[in-house]
Amino acid sequence: MDLDAVIRRVPDFPKPGIMFYDVTSIFTNPAALAYVVDEMAELYPAKAIDGVIAIESRGFILGAPYAIRAGVPLVLARKKGKLPGRTVEESYELEYGRATLEIHVADLTPGKRWLIVDDLIATGGTIEAVGKMVKRREGEVAGVFAIVGLPFLNYAAKIGEYAPKTLIDFEGE
Ligand code: AMP
């Protein structure tokens with residue numbers, strides 16, 4: 001599967017100088033989406049993972065079919081204020097300002113091995129925040145998966161310990 005050809009690039013979005021890698025062009029391509037989910041299932045076999053944590057919102061699209069395939073619980077990491085139950089939360093730096101993600105405490109059963117999923121890893125700040133919540137709940141980050149990696153933004157410095165896996169990497173354009 002030639003993901004390079006499938007992923008839409010949108011220059012200067014959401015602001016000048018940013019090249020946005022738009023994975024919705026994978027979601028509209030059934031063969032490409034099936035390929036991504038197949039790769040996830042192969043990289044993270046069910047026996048190595050107790051649950052998947054999917055990051056709002058494009059991570060949800062990948063987390064759900066993986067959870068069904070692996071037969072593991074799907075847990076959502078949502079933007080602050082969306083989850084109704086008691087939550088654990090973590091704030092992190094964005095290019096401008098801060099953001100906060102929350103996870104239902106009841107879903108983060110201590111002692112479990114979690115796969116964290118998002119569409120793309122840039123600075124690694126988002127994944128790092130979810131990793132902190134997992135650790136606070138005495139869980140283990142057993143894997144990190146994203147379709148796209150931007151290693152030139154040095155996410156390895158933040159989340160290298162989790163050995164993140166991506167299907168395609170881009171350098172600065
Ligand atoms: P970061 O926390 O810096 O690793 O940013 C990752 C999050 O921001 C992911 O949820 C991505 O969807 C989004 N993101 C950051 N940079 C880009 C980009 N160049 N293209 C598409 N999405 C991006």
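In these exercises, buried means under 20% relative accessible area, exposed means over 50%, and partly exposed lies in between (1.4 Å probe, protein chains only). The model is predicted: local features need pLDDT of at least 70, side-chain atom pairs count only at pLDDT 80 or more, and totals for chains, interfaces and linings use all residues. Residues are numbered from 1 along each chain as its sequence is written, and side-chain values use heavy atoms, with hydrogens and water left out.

**Exercise 1. Find the aromatic pairs and describe their geometry.**

Step 1. Start with the criterion: rings of Phe, Tyr and Trp (its six-membered ring) pair if their centres lie within 6.5 Å, with planes under 30 degrees apart called stacked, over 60 edge-to-face and the rest tilted.

Step 2. Two aromatic pairs turn up in the structure. In one of them, F13 and F20 have ring centres 5.2 Å apart and planes at 85°, so this pair is edge-to-face. F13 is partly exposed, at 43% relative accessibility.

Step 3. Y21 and F170 make a stacked pair, 4.3 Å centre to centre with 0° between the planes. This pair links distant parts of the chain, 149 residues apart: Y21 sits in strand 2 and F170 in the segment after strand 9 (165-169). Here helices (H or I, at least four residues) and strands (E, at least two) are DSSP runs, numbered from the N terminus.

Step 4. Now check the accessibility: Y21 is buried at 4%, and F170 is buried at 6%.

**Exercise 2. Work out which strands pair with strand 6.**

Step 1. Two strands pair if DSSP finds at least two bridges between them.

Step 2. Strand 5 pairs with strand 6 in the antiparallel sense over seven bridges. T87 has H104 of strand 6 as its bridge partner. Four residues separate the two strands in a hairpin, and G97 in the turn has a positive phi of about 80°.

Step 3. Strand 4 (residues 74-79) also runs antiparallel to strand 6, over two bridges, and R78 stands opposite E102 in strand 6.

Step 4. Finish with burial: strand 6 is mostly covered, with six of its seven residues buried.

**Exercise 3. Pick out the unusual backbone geometry at F13, E56, E138 and N154.**

Step 1. Recall the background: most residues other than glycine have a negative phi, and most peptide bonds are trans.

Step 2. Look at the peptide bonds. From F13 to P14 the bond is cis, with omega near 0°, and P14 lies in the loop between strand 1 (8-11) and strand 2. E56 and S57 are also joined by a cis bond, with omega about -5°; S57 is in the loop between strand 3 (51-55) and helix 4 (58-70).

Step 3. Turn to phi. E138 is not a glycine, yet its phi is positive, about 60°; it lies in the loop between helix 5 and strand 8 (140-149). E138 counts as exposed, at 60% relative accessibility. N154 has a positive phi near 65° and belongs to the loop between strand 8 and helix 6 (156-159). N154 is partly exposed, with a relative accessible area of 46%.
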